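This report walks through one structure for a reader new to it. Please look over the sequence and the model before reading on.

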Amino acid sequence: MDLNFFCKELPKIELHAHLNGSLSQATMLQLQRYYVDAGISDKTNTFLDEFQIGAGDTRNLSECFQVFSIAHSLTSTSEALVMATELTLQEFQEDGCCYIELRSTPRDTQYITKKQYIDSIIRAMEKPSINLSIISKLIISINRASQLQEVEEIADIAIERHKIHPDTVVGIELSGNPAVGNFGDFIPALNRARQSGLKVTLHCGEVCNPEEVLEMLNFKPERIGHGVCIHPKYGGTEETWIALCQSKIPVEVCLTSNVNTKITPDYESHHFKELIEAGLPVVLCTDDKGVFATSLSQEYRLCAESFGLTRIQVAKLSLDAAQYIFSEANIRELIIGKILKFMNDYAS
Ligand SMILES: CNc1ncnc2c1ncn2[C@@H]1O[C@H](COP(=O)(O)O)[C@@H](O)[C@H]1O
Ligand SMILES: [Zn+2]
């Protein structure tokens, strides 16, 4: 079986995808059309080209964060959010993804409140207007640039919505420009969310900041995103690496995101290798498939090619990912069944 085809057909699990960064060009065009038809848009139209950051792009990590405002201007109403969520879930499904934990940062817009923002995504996940078989869950994001009052407000919304929709709202996370804000300031809100039953994942080690990495690992999140600057070879220290190895916290690995934002020089020198060699749990993820022009199956293929993985090793990555989802055991069993069936069919 051709590797491309194998990676696409393999039932996969996406655990690190930002809604607004995941919008494809096709979805953005459809959203644009919706705004024009509804008579509520005059912006963004000419900027869609600037949304993609491919290999060789000269933007640095901080500059990359500016592109999200283009997507944000296309997800400012309830209808647009429902559309954006449904179309994105459909794309992941068509790429062979059977389970996704999509994440997004609630925003007050000209048209909706933060609560309405979250409720629109929940509605699209629980009662989609199109036929979707992919299992979808929501992780609510807090942006590191937010003021403390806003952080508490988002934690409150996450706690409240988790109570009403415990099977849909499964986690809370910290993201945004890693050069901004201090992790310590977010601990009280994250602790409250955790006490209410929400799982926690943190963007960790996207820039060199060993003190913060240690603080984050001490917090014992259920997962971390990226984990680049943890190994001494990549901007971490002996101490941060030992702390990660001892913690055994699963790392959401985003190969193309790290290469395109130039945190990692190329695929072959990605810290995926060190993580695997140390026996640490990893999950391949896309981060922002729209911004970085990738897909989950492409991430699997790139990983297989860069590190010389066999088909069984590739399938095992997806199977292992089932252990780190935020959903209950019954969902885990369901996904494991799908992946094992694929592996058995492939072997026979
Ligand atoms: C490239 N690495 C990254 N590092 C940190 N945060 C990132 C990110 N990529 C995306 N985001 C976070 O996700 C938001 C867009 O999706 P939502 O509006 O939440 O759906 C960005 O504004 C940023 O806060
Ligand atoms: Zn991310």
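A residue counts as near a ligand if its C-beta atom, placed from the backbone, lies within 6 Å of that ligand. That cut-off sets who belongs to the shell described next.

## The shell around ligand 1

The model is predicted. In it, 18 residues surround ligand 1. Those that come nearest are H18, N20, S104, T105 and S175. Two elements, α2 (residues 19-22) and β3 (residues 135-143), each give two or more residues to this shell. The largest share comes from α2, with three residues.

What classes of residue make up the shell around ligand 1? Polar residues number 12. Nonpolar residues number three, and charged residues also number three.

## The chain as a whole

The chain has 16 helices and eight strands. Its radius of gyration is 19 Å, and the globule rule gives 20 Å for 348 residues. The two values are close, so the chain is as compact as a globular protein of that length. The C-alpha trace spans about 55 × 50 × 45 Å along its principal axes.

How much of the chain counts as buried? The share is 48% of the 348 residues. Contacts tell another part of the story. Take the contacts in the chain with a separation of 6 or more. Residues 24 or more positions apart account for 75% of them.

## Two helices packed together

Helix α15 covers residues 311-321, and helix α16 covers residues 329-347. They pack with their axes 10 Å apart, at an angle of about 170 degrees. Angles over 145 degrees count as roughly antiparallel, so α15 is roughly antiparallel to α16.

Which residues make this contact? From α15 come R311, A315, S318 and L319. From α16 come I336, I339, M343 and Y346. By class, the contact of α15 with α16 has six nonpolar residues, one polar and one charged.

## L309, just before α15

L309 sits in the loop between α14 (residues 296-307) and α15. This residue is partly exposed, because 18 other C-beta atoms lie within 10 Å. Setting aside neighbours within four places in sequence, L309 is in contact with C303, A304 and V314.

## N209, a buried loop residue

N209 belongs to the loop between β5 (residues 199-204) and α10 (residues 210-219). Is N209 buried or exposed? A residue is buried if 20 or more other C-beta atoms lie within 10 Å of its own. N209 has 20 such neighbours, so N209 counts as buried.

N209 can also be placed relative to V170. The two are 39 residues apart in sequence. In space they are 28 Å apart, C-alpha to C-alpha.

## Two lysines with positive phi

Most residues other than glycine have a negative phi. K248 has a positive one, near 55 degrees. K262 also has a positive phi, of about 65 degrees, although K262 is not a glycine.

Where do these lysines lie? K248 is in the loop between α11 (residues 238-247) and β7 (residues 251-253). K262 is in the loop between α12 (residues 255-260) and α13 (residues 272-277). K248 counts as exposed, because 10 C-beta neighbours lie inside 10 Å. K262 is partly exposed, with 16 other C-beta atoms within 10 Å.

How values were computed
Residues are numbered from 1 along each chain as its sequence is written. Chains are lettered from A and ligands numbered from 1 in the order in which they are written. This is a predicted model: local features need pLDDT of at least 70, side-chain atom pairs count only at pLDDT 80 or more; totals for chains, interfaces and linings use all residues. Helices (H or I, at least four residues) and strands (E, at least two) are DSSP runs, numbered from the N terminus. Ala, Val, Leu, Ile, Met, Phe, Trp, Tyr, Cys and Pro count as nonpolar, Asp, Glu, Lys and Arg as charged, and the others, Gly among them, as polar. The radius of gyration is taken over C-alpha atoms; the globule rule is 2.2 Å times the number of residues to the power 0.38. A residue is buried if 20 or more other C-beta atoms lie within 10 Å of its own, exposed if 12 or fewer, and partly exposed in between; C-beta atoms are placed from the backbone. Two residues are in contact if their C-beta atoms, placed from the backbone, lie within 7 Å. Axes are lines fitted to C-alpha atoms, for helices over the stretch in contact, and angles run from 0 to 180 degrees between N-to-C directions. Angles under 35 degrees count as roughly parallel, over 145 as roughly antiparallel, 65 to 115 as roughly perpendicular and the rest as oblique.
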